[in-house]
Amino acid sequence: MLKKALLPLLFCGMLFTAAAEEAKVARYVFYFAADGMTAETLRAAREAGKESAATAMLDALPVRGASATADNGDLPAAATALACAVKTASGMTAVTPDGERRDSIVKLAKMQGRKTAVVADGALNSAIPAAFYAHSQTSGNGEKIARFLPVSPVDFFGGGHFAASDGVRAEIEKALTDVGYSIIKNPADLRQIAAEDLPLIATDDSTAIAAPGRIAGYTARAAALLADHPEGFLIVTAAASLPELNRAVGKALDFYYEFPAGTVIVVAAVNRTAPVLALGRGTEIFAGEYPDTEIPRKLFKLMGIIDPTE
């Protein structure tokens, strides 16, 4: 009798588990946040680079949408919309206008059990990457933002070095190593790194701007190191250069062609009115026009993350 009574409960549990797995369409997620990518800059790049295929990787993403923001070009606020699905005031990072901290999609992915990466072609504590792991109520707080690096939910950082005075940088690097981060200052050393060496932070130590082609390499290496994790990954790549963005998207496409069933690529721009490009199962939801805060919400749906804004 007990077994018969338990059968409906077991069946319901199986249905719930199956539904949860079905909801999590995207196991491997590449999320690109691009500064300066507008319909006009894409068109100009295509015309100028017909022989060099300057936008070939971006043009390979078949789903096309458009997002709009009222942030008037304020990068911290616009990046917060892409990272946390909330509108905030100018100069504020991952907080509401009244200063309440909001979890980014990176933290939510980590809480879900995924591995995470944040890659940038500028300083790791610049406005766009910062919105995915830090909080600040005012702009120009680079050193304060950098102090979030050791307590972040990020397994792999790659980019230009974090902008800070020598003393503060040394203090933060010590804090990073104290919590288990490997610090890689020669990008060539990444080839020797294994998944067991995570978490890590790889930087171009002499400059806050990553060398040409570097974020493509960081994106590819992050994917290789995180791919075997059973819950999958979320890799956020922030790019202010269209050629660098195109190269990095090419690395995501290489991964997609190897693992098409569970891979999703989304490219969103940090601009007032900007294109959204996507590829992968379920990404047809990115077609059409919508506010920029809807971009992470659509990713929540594909990743099986409960939307914290609802």
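**Exercise 1.** Are Y133 and F157 buried or exposed? Classify their ring pair as well.

*Solution.* The model is predicted. Both Y133 and F157 are buried. Next, take the geometry: the ring centres of Y133 and F157 lie 5.2 Å apart, with 75 degrees between the planes. Planes over 60 degrees apart count as edge-to-face, so the pair of Y133 and F157 is edge-to-face. Last, place the two residues: Y133 is in the loop between helix 6 (127-130) and helix 7 (142-146), while F157 belongs to strand 4 (residues 156-160). They are 24 residues apart, and the pair links distant parts of the chain.

**Exercise 2.** Classify the ring pair of F255 and F259, and the burial of each residue.

*Solution.* The centres are 4.8 Å apart and the planes meet at 40 degrees, so the pair is tilted. F255 has 9% relative accessibility and therefore counts as buried. F259, with a relative accessible area of 32%, is partly exposed. Both F255 and F259 belong to a cluster that ring pairs form with Y28, F30 and F233.

**Exercise 3.** Decide whether R169 is buried or exposed, and list its contacts.

*Solution.* Start with location: R169 is in helix 8 (residues 166-178). Its relative accessibility is 14%; buried means under 20%, so R169 counts as buried. Its side chain makes a polar contact with the side chain of D166 (3.2 Å). Leaving aside residues up to four places away in sequence, R169 touches H161, F162 and A164.

**Exercise 4.** Which residues have the most contacts inside the largest nonpolar core?

*Solution.* This core has 57 residues, and the ones sought are Y31, F132 and F286. Y31 touches residues including L82, I105, F132 and L299.

Conventions. Residues numbered from 1 in each chain as written. Predicted model: local features only at pLDDT ≥ 70, side-chain atom pairs only at ≥ 80, totals over all residues. Heavy atoms only, no water. Core = buried A, V, L, I, M, F, W, Y, C linked by side-chain atoms within 4.5 Å. Buried < 20%, exposed > 50% of the residue type's maximum accessible area, 1.4 Å probe, protein only. Contact = heavy atoms within 4.5 Å. Helix = DSSP H or I, 4+ residues; strand = E, 2+ residues; numbered from the N terminus. Polar contact = N/O pair within 3.5 Å; in protein donor to acceptor, adjacent residues only side chain to side chain. Phe/Tyr/Trp six-rings, centres within 6.5 Å; stacked < 30°, edge-to-face > 60°.
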